[in-house]
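The following report describes the architecture of one protein chain. It begins with its charged pairs and then turns to its helices and nonpolar cores.

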Amino acid sequence: MKTTRAALLLGVLAATSGQAAEPAAAKPDVVAFNASVRVEVDAAGKPVKVEAPADLPEAIRGFIEKRVASWQYEPAKQDGVPAAAVTFVRVGACAIPAAGGYRMGLDFKGNGPSLVNAGPWFMPPPRYPKEMQRRGAEGTYEVTYAIQPDGSTKVAAIEPIEGTGNRYVTSFRDALTDWIEGLRYQPEQVGGIAVATEMSFPVSFELRSGGGGSEAYRKELEARALASKECLAASSPGGPLPIATNSPVKVIPTPAG
């Protein structure tokens, strides 16, 4: 599933964005993963508190927090006046073994509300309607919904993108509506008050050909992870310096399948 944010409360100014790498163990001892980092910024857009997920190893958590804290953010506004805010920065990270520890790469993937119980994934995919699978039906839809201040979601529109036929629209819309209404978020805040945010992105239902099942999909994720900006940065001779560790770094394992 491809995602693109259309409305952001805060925009990172000093970080390059790119396609999100799916979490995957790229090859033995190389680990690529995603993380949501809570960031408090002042009215000038300067980070004052950064919190990476507590379940990450201390060395990796510290690396991520230091890098995210070095970025400048576009100030949020309350009634037209710049105000302090809280957002959640999504990053892709890659750890590659190096002398004395791991060489880390990090890439900015976007920011906004944080999905609750997302695990290592930025967003779990919707279910593929079984009847549509049997019929061999595919389609791509533009999904728009609002994240309410209480973290619940409200569907605004689900429209087929050009090239998608109308024959099976109802079934795919129902699946997407169920998926959206089941999502829960930690909302962003401006001036200490939770605010609503609108999300808009395309969702594609595609049937895979040629077999291979979960193993083929796993290899596809591995290849995608290795080609990500964060893994390329970590493996580059001019990339970030290694992180020294006193014990082996253990990152959240890749889900099976």
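Arg-38, Glu-40, Lys-49 and Glu-51 are joined by salt bridges into a network. The model in which this network appears is a predicted one.

Within the network, the side chains of Arg-38 and Glu-51 approach to 3.7 Å, N to O. This pair connects distant parts of the chain: Arg-38 belongs to strand β2, Glu-51 belongs to strand β3 (residues 47-51), and 13 residues separate them. Arg-38 is partly exposed, with a relative accessible area of 23%, and Glu-51 is likewise partly exposed, at 33%.

**Salt bridges**

The whole structure contains nine salt bridges. Side chains of opposite charge can pair when their charged atoms come close. Three of the bridges are set out below, each with its N to O distance.

| Pair | N to O distance |
|---|---|
| Arg-38 and Glu-51 | 3.7 Å |
| Arg-135 and Glu-131 | 2.8 Å |
| Glu-159 and Arg-173 | 3.3 Å |

The bridge between Arg-135 and Glu-131 lies within a helix, as both residues belong to α2 (residues 130-135) and stand four residues apart, about one turn of the helix. An α-helix has 3.6 residues a turn, so residues three or four places apart point the same way. Arg-135 is partly exposed at a relative accessible area of 46%, and Glu-131 is partly exposed at 33%.

The bridge between Glu-159 and Arg-173 links distant parts of the chain, with Glu-159 in strand β10 (residues 153-160) and Arg-173 in helix α3 (residues 169-181), 14 residues apart. Relative accessibility is 43% for Glu-159, which counts as partly exposed. Arg-173, at 30%, also counts as partly exposed.

**Overall organisation**

The protein chain folds into five helices and 15 strands. Of its 257 residues, 42% are buried. The exposed area of the chain is about 13,300 Å², of which carbon and sulfur atoms supply 51%. Among contacts between residues at least 6 apart in sequence, 73% join residues at least 24 apart.

**Helix α1 and the largest core**

Helix α1 spans residues 58-69, twelve residues in total, and reaches 16 Å from its first C-alpha to its last, close to the 16 Å expected at 1.5 Å a residue. Its buried residues are Ile-60, Phe-63, Ile-64 and Val-68. Viewed down the axis of α1, these buried residues fall within an arc of 120 degrees, so they line one face of the helix. The face turned away from that buried side carries the exposed residues Glu-58 and Lys-66.

Two of the buried residues of α1, Ile-64 and Val-68, recur in the largest nonpolar core. This core has 26 residues, and those touching the most other members are Val-37, Val-39, Ile-64, Val-68, Trp-71, Val-91 and Leu-106. At least two residues of the core come from each of β2 (30-41), α1, β6 (85-98) and β7 (101-112). The contacts of Val-39, not counting residues up to four places away in sequence, are with Pro-47, Lys-49, Val-50, Val-68, Tyr-73, Ala-85, Val-86, Thr-87 and Val-89. Apart from the largest core lies another, of 23 residues, including Val-143, Val-169, Trp-179 and Val-203.

**Helix α3 and its surroundings**

Helix α3 has 13 residues and reaches 18 Å from its first C-alpha to its last, close to the 18 Å expected at 1.5 Å a residue. Val-169, Phe-172, Ala-175, Leu-176, Trp-179 and Ile-180 are its buried residues. They cover an arc of only 135 degrees around the axis, which puts them on the same side of α3. These buried residues pack against α2, β9 (139-147), β10 and β14 (197-205).

Pro-129 occupies the loop between β8 (114-115) and α2. At 7% relative accessibility, Pro-129 is buried. Leaving aside its neighbours within four places in sequence, Pro-129 is in contact with Ser-171, Phe-172, Ala-175 and Phe-205. Phe-172 and Ala-175 are among the buried residues of α3. The C-alpha atoms of Pro-129 and Asp-174 are separated by 9.1 Å, although the two residues are 45 apart along the chain.

Notes. Residues are numbered from 1 along each chain as its sequence is written. This is a predicted model: local features need pLDDT of at least 70, side-chain atom pairs count only at pLDDT 80 or more; totals for chains, interfaces and linings use all residues. Side-chain values use heavy atoms; hydrogens and water are left out. Buried means under 20% relative accessible area, exposed over 50%, partly exposed in between (1.4 Å probe, protein chains only). Contact means heavy atoms within 4.5 Å. Accessible areas come from the Shrake-Rupley method with a 1.4 Å probe; for residues, only the protein chains shown count as cover. The expected span of a helix is 1.5 Å times one less than its number of residues. The arc is that of the directions from the helix axis to the C-beta atoms. A nonpolar core is a set of buried Ala, Val, Leu, Ile, Met, Phe, Trp, Tyr and Cys residues joined through side-chain atoms within 4.5 Å. A salt bridge is a side-chain nitrogen of Lys or Arg within 4 Å of a carboxyl oxygen of Asp or Glu.
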